[in-house]
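Please open the model in a viewer and follow the stops below in order. Each stop names a selection and then describes what is found there.

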Amino acid sequence: MDLAPHELRENLVRHAHMPPWLAEHVVEIQQLAVCHPESPTDTVARVLGREPRTLDSFLHEHLGRFR
């Protein structure tokens, strides 16, 4: 779900109990990532000797650790 910056900030403070200064920092980082996306590289494949996996794959593989 895409949230406007002010909605994200409010949710981080209200629901994640994040201090306002940290929520503001997270919103700034999110805005930078949206405005200046990074291009994928082959670094993970070169270092690990295999293709990277998605966050969803990682979470599925380790679901029991997050319950």
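Select Phe 58 first: its relative accessibility is 30%, so this residue counts as partly exposed. The model being inspected is a predicted one.

Keep Phe 58 and add Phe 66. Under the ring-pairing rule there is one aromatic pair. The pair is formed by Phe 58 and Phe 66, whose ring centres lie 6.4 Å apart with planes at 70°, so the arrangement is edge-to-face. The angle decides the label because planes over 60 degrees apart count as edge-to-face.

Now extend the selection with Leu 55 and Leu 59, and display the surface. Together with Phe 58 and Phe 66, these residues form a nonpolar surface patch with about 380 Å² of accessible area. Within the patch, Leu 59 belongs to helix H4, which covers residues 55-61. Is Leu 59 buried or partly exposed? With a relative accessibility of 32%, Leu 59 is partly exposed.

Stay in helix H4 (residues 55-61) and select Glu 61, then add Arg 53. Their side chains form a salt bridge, with N and O 2.8 Å apart. Both partners are partly exposed: Glu 61 has a relative accessibility of 48%, and Arg 53 has 39%.

How many salt bridges does a search of the whole structure find? The search finds four, and two further examples follow.

Select Arg 46 and Asp 42. The side chains of this pair meet in a salt bridge at 3.0 Å from N to O. Arg 46 is exposed, at 58% relative accessibility, whereas Asp 42 is partly exposed, at 45%.

Move next to helix H1 and select Arg 14 with Glu 10. The closest N and O atoms of this salt bridge are 3.4 Å apart. Because the two residues are four apart in helix H1, about one helical turn separates Arg 14 from Glu 10. Arg 14 is exposed, with a relative accessible area of 52%, while Glu 10 is partly exposed, with 42%.

For the last stop, hide the surface and select Leu 8, Leu 12, Met 18, Ala 23 and Val 27. These five residues make up the largest nonpolar core. Helix H1 (5-14) and helix H2 (20-35) are the elements that give two or more residues to this core. Finally, centre the view on Leu 8. Apart from neighbours within four places in sequence, Leu 8 is in contact with Leu 3, Val 27 and Gln 30; among these, Val 27 is also a member of the core.

Definitions and conventions: Residues numbered from 1 in each chain as written. Predicted model: local features only at pLDDT ≥ 70, side-chain atom pairs only at ≥ 80, totals over all residues. Heavy atoms only, no water. Patch = residues over 30% accessible without salt bridge, like charges linked within 9 Å, V, L, I, M, F, W, Y side chains within 5 Å. Areas by Shrake-Rupley, 256 points an atom, 1.4 Å probe, with all protein chains shown as cover. Buried < 20%, exposed > 50% of the residue type's maximum accessible area, 1.4 Å probe, protein only. Phe/Tyr/Trp six-rings, centres within 6.5 Å; stacked < 30°, edge-to-face > 60°. Core = buried A, V, L, I, M, F, W, Y, C linked by side-chain atoms within 4.5 Å. Contact = heavy atoms within 4.5 Å.
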